[in-house]
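Welcome! Here is a short briefing to read alongside the model, starting with a metal site and moving on to a bound ligand.

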Amino acid sequence: MEKETCIKIEEAAKAWTAEAAEMLQKSFEDTLTITYKSHIADLVTNMDKNIEKFFIEKIQKVFPDHKVLGEEGYGDEIQDTSGIIWIIDPIDGTTNFIHQQSNFAISIGIYEDGKGIMGLIYDVGNQNLYFAKDGKGAFLNDYKLPKLDKTTLSEAVIGVNATWVGPNKRINHENVQEIVRKSRGTRSYGSAAIELAYVASGKLDAYMTMRLSPWDFAAGLILLNEVGGIATNTDGKPIQLLKQNSILAARPGLHEEILNVLVR
Ligand code: 2AM
Ligand code: CA
C-alpha cells in the first residue's frame, strides 16, 4: 500500500472512530432499543446497527473500492481476503454497553490481501485509543507501547471467562482450571477487543477464549503483532481471519507455557 493511501486511511479511521464514540456517549441520554439475536444473552441495540451503518456510509463514500465485514451484517459478502477489508465491530461488549455504560469498544481491523495494515480499538468509556500500524508499532493514545517481555504463568494475570472454567463443549475445563490455579490471578472484562488491547499494553499477560468472530479479534491481532505478542488458536494452530476461532493471546514464553497445559 502506498504511504499516502495509508495516511489517508489512518486519518479517516481515527476521525470516524472519534465521531462514532461521541454518538455512543450521547446515546446514553436516550432510551436504547434492545433486541435479541440468537438467544437471550446475545443482545443487539439500535446503536450497534447505527454505528455500523455510519462507518459503512463513510467508507463507501471515501474508499469505494474497499470492502467491509461488519458484525451486524450491513457490510459486504466477504468470500476471501483479497483487497482492502475493514473488519468492524461497532460495539464490542454490547452487554457491558447496556448494563454498565463502560467496558465496551469500537473495534476496527483493516487488512490488505489478508495482511493486517491497521488496528483501532477505542475504549469509549475511558476515552483510550489503542492503535497499531503494520511495522510502525502500537500506541495507547500518544504513548508508544513497548515490546512485551517474557513472563511465566505463576507471575501472570490472565483474562478468561468463567464459562470455560466449568464443564463445557469446547475445551477440557480441567486444563483451564489448572491454568487458573497456577496463575497469579484472573480477570474477565466482557469485551474481547478490550482484553486483546490489554494484552498488547501489558495490563493482562494473556487472554483466552473459545469462540470469537473476526470482528472481535481483527484489530487486536494487529496490535499484538506490533508488540511481539503471540496469538493462535487454543490448540496452537494459526488463527483464520474470516472464521470463528478460539484464541490464546499472550506474552512470549507464557503463550507456550499455557499451550503446553491446553494441548497435552
Ligand atoms: P460482542 O459484545 O460484540 O457480541 C464477551 O465475552 C465477548 O465475546 C465480547 O467481545 C462479545 O462480543 C464476544 N461474543 C459474545 N458472544 C459471542 C459469540 N456467540 N460469538 C463470538 N463472539 C461472541
Ligand atoms: Ca458487537
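The calcium ion (ligand 2) has as its protein donors Glu-71 (OE), Asp-89 (OD), Asp-89 (OD) and Ile-91 (O), at 2.1 to 3.0 Å. Donors here are N, O and S atoms within 2.8 Å of the metal (3.2 Å for Na, K and Ca), and since water is not among the atoms, sites may look incomplete. This is a predicted model, in which local features need pLDDT of at least 70 and side-chain atom pairs count only at pLDDT 80 or more, while totals for chains, interfaces and linings use all residues. Residues are numbered from 1 along each chain as its sequence is written, chains are lettered from A and ligands numbered from 1 in the order in which they are written, and side-chain values use heavy atoms, with hydrogens and water left out.

**The calcium site**
- Along the chain, the donors follow the spacing E-x17-D-x1-I.
- Asp-89 and Ile-91 are both buried (under 20% relative accessible area, 1.4 Å probe, protein chains only).

**Contacts of ligand 1**
- Asp-89 turns up here too: an N or O atom of its side chain is 2.9 Å from an oxygen atom of ligand 1.
- A polar backbone atom of Thr-94 lies 3.0 Å from an oxygen atom of ligand 1.
- In the side chain of Arg-211, an N or O atom is 2.9 Å from a nitrogen atom of ligand 1.
- Taken alone, ligand 1 exposes 490 Å², and the protein buries 75% of that (areas by the Shrake-Rupley method with a 1.4 Å probe).

Definitions and conventions:
Buried < 20%, exposed > 50% of the residue type's maximum accessible area, 1.4 Å probe, protein only. Polar contact = N/O pair within 3.5 Å; in protein donor to acceptor, adjacent residues only side chain to side chain.
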